[in-house]
Amino acid sequence: MDLKKRFIKATEQYNTLDEHVPAYYFRRTFDAEKQSPCTITIAACGFYELWFNGKRITRGFLSPYISNPDHYVYYDEYEVTADKGENVIGVLLGNGFQNNPGGHIWDFDKASFRSAPMFALAVADGKQSILESDESFKIAPSPIRSDDYRFGEHYDANFEIVGWNEKGFDDSAWESALPAAAPKGELRLTDAAPITKECELTPVSITKCGSGYIYDFGQSNAGVCRLRIQGSKGQKVELRHADSLENGDLNIGQVWFVRENWDHDKDIVHLDTYVCKGNGEETYQPSFTYHGFRYVRVNGITEEQATKDLLTYLVYHTQLNSRGDFVCSDDVANKLQELTRRSIVSNFHHFPTDCPQREKNGWTADAALSSEAAILNFDPERNYREWLRNICKAQLEDGRLPGIVPTGGWGYHWGNGPAWDSVMTYLPYFTYIYRGETGMITDAATHFVTYLRYLRSRCDEKGLLAIGLGDWCHVGGIEPKAPLIVTDSVISMDLANKMAEMLTAVELHEEAAFARSEAAKYRESIRAHLIDFATMLVAGNCQSSQAMCLYYGVFEAGEEQTAFARLLELIHAADDHIDLGVLGGRVIFHVLTRFGHSDLAYRMITREDYPSYGNWVKRGATTLWEDFFPDRADSMNHHFWGDISAWFIKCVAGLNLNPGKHDVNTLEVRPHFVEALDSAQATYAAPAGGITVSWHRQDGEIVLKLEIPAGIRAEAVLDGAYCFENGSKAAAVVTGTYKVLREEK
């Protein structure tokens, strides 16, 4: 069977922001001679819900996957048992990415693939085809009168058709489906964890606001609301979602892209609408959109209807299982760990996104910057693997990558560059480091080489780069202090080094040698043109420039102490506050730990005064924010500042898996006993088994407890003024308890 020849749709028309086209029901029956197992295969350009004999069997929310259909078209397979006699296939089809006018800021309304949503479906009994999608499918408009991935859904219960997906239903008055031109993309079975419901939240407060009511769910997340209401026929209930309040009402202005088209978008963004049919209790939850929010303003209800039972927050994200965690004796650090984890999952819908309450785009730098923290806390690599295929497919022939994936064409000329394009390197790199997997490396190997050649073609006469976005979201919203030529060139060197390591791991030695030589060229050019060796300061004289060159190995060993002293001076000049953007923020705390200043790093992170992560906590953050301002946040749910979780796990607790970068069954335990803490613990489910590293203070000593699987070779290393009971600074270790002493001065 060739699904590409079997696409059907309901109509030639498609949704716009001004003209609404409903989602359609599709229905088809077939007869079976006996009860027997069969397979349903469905490919969709759009989102679908699937029923078989009246039972919803859809594998996950927003199925099958989000992609550019010119690149890949995804399909799902379902194993079902056909009944003897009549059987019914029911499909509800939404717009998804096939038609997303709400993404007009990124030109999704102009995408070449834009059309009415369509799908192809087949049912087979073993190798025998039972049915394939064609015009024999019957269609009818559903109660979903419009749906947009970013903006929301409008549902009118008066258009519900009872029993439409069940046996015995009379569909003789329904229209026939239309054939659809096949999408250009390659068909792929969805090999990614589905989007599922994590939990349900009830409101912590309900407040009158003008003619409506503000429901506060206590924390920012992503998902939808389930509405339960006993309303009158035609009663229209509006649910508008936001992450913050301003003057007691929703702060819709925080969704900045609305401001680009304010007069048009402000009244429809993140809005779900339900029209009651008025026959008892009614229940509704959106099918083809989701929102990032803490607050919901409900309009169109009476005071009697404004109860806690009216709305329930259904938290949805990709099914990410917890793999690691961190906990310590300080509530601020624990809260930051919680915020980081919530930010990672609420920004993960098939792939990492930048913010659920605003863009929902697969911004590449966001995912790259948090990828190590994500894989130390969860199991995202299955979805990383699928998304990497889409990233590689989006690469142009000259090697250029877009800043968002998927894209309809936006992001190749702005919004990208080495720090953003690093996603193609970081996803397979950290999957290799922490899981020992090389499949993603092999898949991306040719794309690595193409990308390195592209970067070289963009270098100036000095062998340096300044072509992309730089040290984004600098504290205070100022222009980055680190020059773009520094951050782009240093990141390019790092990418080449990481590619060389990975290519060596899969024995592509010629390609690895090329990558290694490219890294050496960048390092030579950076040292020749961007460092003042008289002062050992990097161009920009700022925290990011200095920390990045130390972290990524630009300085020689004999230069590093002086270069680090300059970094300390820059930090002290800022009163021991961070004064950088996301690229510097990703590395500075690791650099401080390496040079024996974990206490300073910890203070910079957890202090309560602005600017700091601790200041976010003090101001009530429930997820990580996008930026550091004293009195506002442009976005209140971003994950690209989330590497602090990796720092907690690796540097404070000391759990360092695969320190030599070539054997996932090795472990270095290198804790740093931060004076502000009485205890710290990190856990991680490595491929060989569960690891726990913990320490606590007891009677003037430190007790180090380890749980290490038998298949892992481990060494404990103590920095600073600490040693084991026998006076040694390093020792091979196994599961057990170890006393740590302060060395006598």
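Guide: Quick definition before we start: a helix here is a DSSP run of H or I spanning at least four residues, numbered from the N terminus. And keep in mind that this is a predicted model.

Visitor: Okay, which residue takes a positive phi just after α11?
Guide: Helix α11 covers residues 543–551. Just after it, a positive phi of about 85° turns up, and the residue that takes it is Gly-553.

Visitor: Is α11 largely enclosed or left open by the rest of the structure?
Guide: Go residue by residue: Gln-543, Ser-544, Ser-545, Gln-546, Ala-547, Met-548, Cys-549 and Leu-550 are buried. Buried means under 20% relative accessible area. That makes 8 of the 9 residues in the helix, so α11 is largely enclosed.

Visitor: Which helix gives the most to the largest nonpolar core?
Guide: That core has 200 residues, and Leu-311, Phe-589, Leu-592, Tyr-613 and Phe-648 touch the most other members. The helix that gives the most to it, with 10 residues spread over 484–505, is α9.

Visitor: Which tryptophan does Phe-589 touch?
Guide: Leave out residues up to four places away in sequence, and Phe-589 touches Ile-578, Ala-601, Met-604, Ile-605, Tyr-613 and Ile-644. The list also holds the one you're after, Trp-647.

Visitor: On to the sheet: which strands stand at the edges?
Guide: The 6 strands form an open antiparallel sheet in the order β5-β4-β7-β2-β10-β13. Two of them have a single partner strand each, so one side of each is left without a neighbour: β5 and β13.

Visitor: And what is the bridge partner of Tyr-48 in β7?
Guide: Strands β4 (residues 47–52) and β7 (residues 85–94) pair in the antiparallel sense over 6 bridges. In β7, the partner of Tyr-48 is Leu-93.

Technical notes
Residues are numbered from 1 along each chain as its sequence is written. This is a predicted model: local features need pLDDT of at least 70, side-chain atom pairs count only at pLDDT 80 or more; totals for chains, interfaces and linings use all residues. Side-chain values use heavy atoms; hydrogens and water are left out. A nonpolar core is a set of buried Ala, Val, Leu, Ile, Met, Phe, Trp, Tyr and Cys residues joined through side-chain atoms within 4.5 Å. Buried means under 20% relative accessible area, exposed over 50%, partly exposed in between (1.4 Å probe, protein chains only). Helices (H or I, at least four residues) and strands (E, at least two) are DSSP runs, numbered from the N terminus. Contact means heavy atoms within 4.5 Å. Two strands pair if DSSP finds at least two bridges between them.
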